[in-house]
Amino acid sequence: MHMPAPRKRLLKARIKIPNSPEAVMHFEAFVRSLEFLSEREKMPLLVAGDEVVDNLLNHGEVGRQGIRAMVRKRASGISLGLFVQSHKRFAQFAACLDEDPPSGPRYNPQLRRWHGLGLTMCRNLARSVHYRAGERMDRVFLEFPLSPVR
Amino acid sequence: MTGISIEATQKGAFTVLSVHGPINSYTFTELQEKVMKHVGKADLAIDLSGVSSMTSAGIGVMLAAIEDAEAETKRIYIIAPSEVARLAIESTGFADRFPTLSSLKELPA
């Protein structure tokens with residue numbers, strides 16, 4: 001007798017984050033609520049995701065639709081996708097990364113500010129970080145390895 | 001609530017700043033103001049055990065504080081960073097720049 005293969009549980013979740021100063025906290029609450037991630041797997045998503053959300057809000061132009069976040073867990077790893085309404089500043093930043101990626105963070109003593117620190121943090125936390133500008137939506141994709149079961 | 005709370009206390013020669021809540025682009029100026037008020041003038045301990053998240057904005061404040069303290073030959077320590085704060089510090093690639101103690105009890109005299 002043929003038995004149908006059991007359907008794999010879809011390990012995926014989405015959230016729409018409003019364009020507001022509370023966005024980072026909404027994102028954190030979302031990640032912390034994901035039952036299909038271990039506590040160890042949540043940590044790099046929280047730190048890198050906070051960084052991207054914070055930057056989208058402060059250096060980009062998040063439209064009325066806010067930020068859409070998606071987390072998916074597969075055998076190959078964990079994906080975090082962040083989507084915002086398309087904006088030229090994002091496209092410029094994404095093009096810069098493709099053409100002339102910064103080698104590391106740089107300190108500006110005049111402004112007393114670090115540049116590229118957040119991107120370095122994301123790159124060190126994630127297996128890959130991609131910024132992709134689109135006609136309607138801009139996208140940031142981060143891939144994280146699975147944490148070994150202890 | 002998006003704010004942080006920062007409490008300043010004295011422990012021996014050290015001014016201790018105990019930070020609670022998220023450190024991000026919306027909150028880091030408050031931390032920066034408090035840190036700038038004390039750094040370089042006294043030995044400083046920044047307790048990050050109550051930090052719920054930390055972006056590069058917060059990391060930048062810490063790094064500037066460490067630079068300023070060293071320039072004035074004052075001592076500075078990061079105390080008991082929460083798991084997310086510790087990971088944020090480690091993810092910069094230069095965690096060795098952050099003099100870290102696991103508790104206030106470890107502060108030197």
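Two strands count as paired here if DSSP finds at least two bridges between them, and with that rule in hand I went to the sheet of chain A in this predicted model. I found five strands forming an open sheet in the order β1-β2-β3-β7-β6, with antiparallel pairing. At the edges I noted β1 (12-17) and β6 (128-132) of chain A, each of which has a single partner strand, so one side of each is left without a neighbour in the sheet. From one strand to the next, I read an average twist of 10°.

**Chain A, strands and helices**

I looked up the inventory of chain A and counted four helices and seven strands, which follow one another along the sequence as β-α-α-β-β-α-β-β-α-β-β. The C-alpha trace of chain A spans about 75 × 35 × 30 Å along its principal axes.

For the edge strand β1(A), I checked the partner and found six bridges to strand β2 (residues 67-74) of chain A, the two running antiparallel. One residue pair I wrote down by name is K12(A), whose bridge partner in β2(A) is R72(A).

At the other edge, I saw that helix α3 (residues 88-99) of chain A lies across β6 and β7 (137-144) of chain A, and that the helix runs at about 135° to β6(A).

I then searched the whole structure for salt bridges and obtained six over all chains. One that I followed up joins K42(A) to E39(A), with the closest N and O atoms 3.0 Å apart. Both K42(A) and E39(A) belong to helix α2 (residues 39-59) of chain A, where they sit three residues apart, about one turn of the helix.

**Chain B, the sheet**

Turning to chain B, I found an open sheet of five strands in the order β1-β2-β3-β4-β5, here with mixed pairing. Its edge strands are β1 (5-11) and β5 (100-101) of chain B, each pairing on one side only.

Within this sheet I looked at β3(B), which four bridges join to strand β4 (residues 76-79) of chain B, the pair running parallel. Opposite A45(B), I noted Y77(B) in β4(B). Across β3 and β4 of chain B lies α3(B), which runs at about 105° to β3(B).

**The interface of chain B and chain A**

I next asked how much area the two chains bury between them. The figure is about 2,100 Å², of which 64% is on carbon and sulfur atoms. On the side of chain B, I noted that Y26(B), L87(B) and S91(B) supply 26% of the area buried against chain A, more than any other three residues. The contact itself takes 25 residues from chain B and 25 residues from chain A.

For the kinds of pairs that cross, I found zero salt bridges between chain B and chain A, whereas the rule for polar contacts gives seven residue pairs, both residues at pLDDT 80 or more.

Which elements give two or more residues to the side of chain B that touches chain A? I listed β3 (43-54), α2 (56-71) and α3 (83-91) of chain B; among these, α2(B) gives the most, with six residues. Sorted by class, that side of chain B has twelve nonpolar, eleven polar and two charged residues.

Note on methods:
Residues are numbered from 1 along each chain as its sequence is written. Chains are lettered from A and ligands numbered from 1 in the order in which they are written. This is a predicted model: local features need pLDDT of at least 70, side-chain atom pairs count only at pLDDT 80 or more; totals for chains, interfaces and linings use all residues. Side-chain values use heavy atoms; hydrogens and water are left out. Contact means heavy atoms within 4.5 Å. Buried area is the accessible area (1.4 Å probe) that two parts lose on being put together, summed over both. A salt bridge is a side-chain nitrogen of Lys or Arg within 4 Å of a carboxyl oxygen of Asp or Glu. A polar contact is a pair of N or O atoms within 3.5 Å; within protein, one must be able to donate a hydrogen and the other to accept it, and residues adjacent in sequence count only if both atoms are side-chain atoms. Ala, Val, Leu, Ile, Met, Phe, Trp, Tyr, Cys and Pro count as nonpolar, Asp, Glu, Lys and Arg as charged, and the others, Gly among them, as polar. Axes are lines fitted to C-alpha atoms, for helices over the stretch in contact, and angles run from 0 to 180 degrees between N-to-C directions.
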